Each structure stands twice: as structure tokens, then as C-alpha cells.
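Trainee: I have a structure open and would like to talk it through. Could you take me through it step by step?

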Amino acid sequence: MSIKVQLTWLAPDERIEVKKFYRQHMPYARLLQKESVCVLTQADSTSANDVEITSYGVTCSKIVASARIRPIGQFAILTGMLVHPDFRGQGVGHQLMDALQSVIAEGNTYIFALAHLEGFYAKHGFCVIADAPNDIAQLFLKYQGDGERLVLMGLAGAIQR
């Protein structure tokens with residue numbers, strides 16, 4: 001089943017609702033000013049618990065998913081990918097990754113994937129790597145200390161060896 005969604009990139013002053021979305025479903029997430037933030041929204045939402053976003057003339061649209069791209073020097077990390085619990089298992093994560101392909105294909109993109117999501121990201125061109133540029137590797141080491149097992153993955157076409 002495919003859900004009709006729209007990808008929207010948010011300016012820093014348009015992120016209030018997506019911050020609420022993260023606070024509700026990924027409370028440890030911290031949005032940084034330098035990150036690019038996008039949301040997938042779906043119109044025709046009726047639930048009282050929906051987080052709504054008003055931007056670019058779109059009103060009453062439910063945030064279905066979100067992701068952030070954090071620049072790290074000449075590289076980038078795809079981070080904070082989050083699908084609303086009501087929409088998981090319906091292909092929304094794949095729709096988001098497909099929508100991001102043109103952006104993440106532009107440069108050297110890495111991800112610190114939860115181990116159980118390794119196969120998901122592999123379907124979108126990421127592969128497990130043993131080493132990364134120093135800035136990415138240092139950040140990965142920092143994130144590894146947070147408890148969950150993470151896998152360092154790089155976008156296959158962009159990895160410099």
C-alpha cells in the first residue's frame with residue numbers, strides 16, 4: 001500500500017511542528033540549525049493527535065515522516081529518520097528514502113544505522129563500511145556510546161576508498 005505524501009524542506013523558522021513530532025516520537029533527537037530538515041506530510045488527516053504543519057500554503061497536513069541531513073565538512077550524515085508509528089510497515093520509510101535520493105546522491109553521505117535497519121538502508125544504496133573520513137568516524141564513536149548497537153554505513157556510490 002502506498003500513501004500519497006509530499007516532501008517539504010523546512011526553513012529554520014518553520015520547524016516548530018517538526019520539533020514537536022521529534023519530541024513525541026524520538027525525544028533524544030536534537031535538531032541543529034545547520035541541518036537540513038524535511039518532512040513527508042499527508043493531507044486529509046483527521047486524528048486529534050496529529051501533529052500539523054503549516055508551510056508553503058499546506059495546512060492541516062499530518063507529518064508522516066521526517067529526516068535530517070547534517071553537514072560534516074565536505075560530507076553529510078543522514079540522521080533522525082523517523083516514521084510516525086501509525087505509518088510504519090506501509091512503505092513510508094522507503095518513500096522518504098526515494099524522495100531523498102537526489103539530495104544524498106550529491107555528496108558523500110553516511111548513516112549511523114540501528115543494526116536491525118541495516119537491510120532497509122542497504123536497499124537504498126548504503127553499505128556497511130569499516131572506516132570513514134576522520135570527522136565521520138569520530139562522531140560515530142561518540143554515538144556508539146549511547147547504548148543501541150549502530151552500524152556505520154556509507155552511500156555506495158559516494159564512498160571514497
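**Strand pairing and surroundings**

Mentor: Let us begin with one bridge: A76 has T109 in β6 as its bridge partner. Please keep in mind that this is a predicted model.

Trainee: And what is the bridge partner of I77 in β6?

Mentor: I77 is matched with Y110 in β6.

Trainee: How many bridges join β5 to β6, and do they run parallel or antiparallel?

Mentor: Strand β5, residues 75–83, is joined to β6 by four bridges, and the two run parallel.

Trainee: Which way does β6 run relative to β8, parallel or antiparallel?

Mentor: β6 and β8 (residues 150–155) run antiparallel, with five bridges between them. Within that pairing, Y110 stands opposite G154 of β8. Y110 therefore appears in both pairings, as the partner of I77 and opposite G154, and in a regular strand the side chains alternate between the two faces of the sheet.

Trainee: How many residues of β6 are buried?

Mentor: Six of the seven residues in β6, which spans 108–114, are buried, so the strand is largely enclosed by the rest of the structure. For β5, nine of its nine residues are buried.

Trainee: Stepping back, what does the secondary structure of the whole chain come to?

Mentor: The protein chain has four helices and eight strands. Read from the N terminus, the order is β-α-β-β-β-β-α-β-α-β-α-β.

Trainee: What share of the chain counts as buried?

Mentor: The figure is 45% of the 161 residues. The accessible surface is about 8,700 Å², and carbon and sulfur atoms account for 50% of that area.

Trainee: What about contacts between residues at least 24 apart?

Mentor: They make up 67% of the contacts between residues at least 6 apart in sequence.

Trainee: Is there a good example near the start of the chain?

Mentor: I3 serves well, and it lies in the segment before β1.

Trainee: Is I3 buried or exposed?

Mentor: I3 has a relative accessibility of 6%, which is under the 20% cut-off, so it counts as buried.

Trainee: Which residues is I3 in contact with, leaving aside its neighbours within four places in sequence?

Mentor: The contacts of I3 are Q42, F87, Q90, V92 and Q95. V92 is 89 residues away from I3 in sequence, yet their C-alpha atoms are 7.1 Å apart.

Trainee: Changing topic, where is D13 found?

Mentor: D13 is in the loop between β1 (6–10) and α1 (16–25). Its relative accessible area is 65%, over the 50% cut-off, so D13 counts as exposed. Between D13 and Q33, the C-alpha to C-alpha distance is 9.6 Å, with 20 residues separating them in sequence.

Trainee: And the cysteines? How many disulfides are there?

Mentor: The count is zero disulfides. C38 is buried, at 0% relative accessibility, while C127 is partly exposed at 25%.

Trainee: How many aromatic pairs does the whole structure hold?

Mentor: There are six aromatic pairs. One aromatic cluster is formed by F112, F140 and Y143.

Trainee: Which charged end sits over the ring of Y22?

Mentor: That of R68, which is 5.1 Å from the centre of the Y22 ring.

Note on methods. Residues are numbered from 1 along each chain as its sequence is written. This is a predicted model: local features need pLDDT of at least 70, side-chain atom pairs count only at pLDDT 80 or more; totals for chains, interfaces and linings use all residues. Side-chain values use heavy atoms; hydrogens and water are left out. Buried means under 20% relative accessible area, exposed over 50%, partly exposed in between (1.4 Å probe, protein chains only). Contact means heavy atoms within 4.5 Å. Accessible areas come from the Shrake-Rupley method with a 1.4 Å probe; for residues, only the protein chains shown count as cover. Two strands pair if DSSP finds at least two bridges between them. A disulfide is a pair of cysteine sulfur atoms within 2.5 Å. Rings of Phe, Tyr and Trp (its six-membered ring) pair if their centres lie within 6.5 Å; planes under 30 degrees apart count as stacked, over 60 as edge-to-face and the rest as tilted. A charge sits over a ring if NZ of Lys or CZ of Arg is within 6 Å of the ring centre and within 35 degrees of the ring normal.
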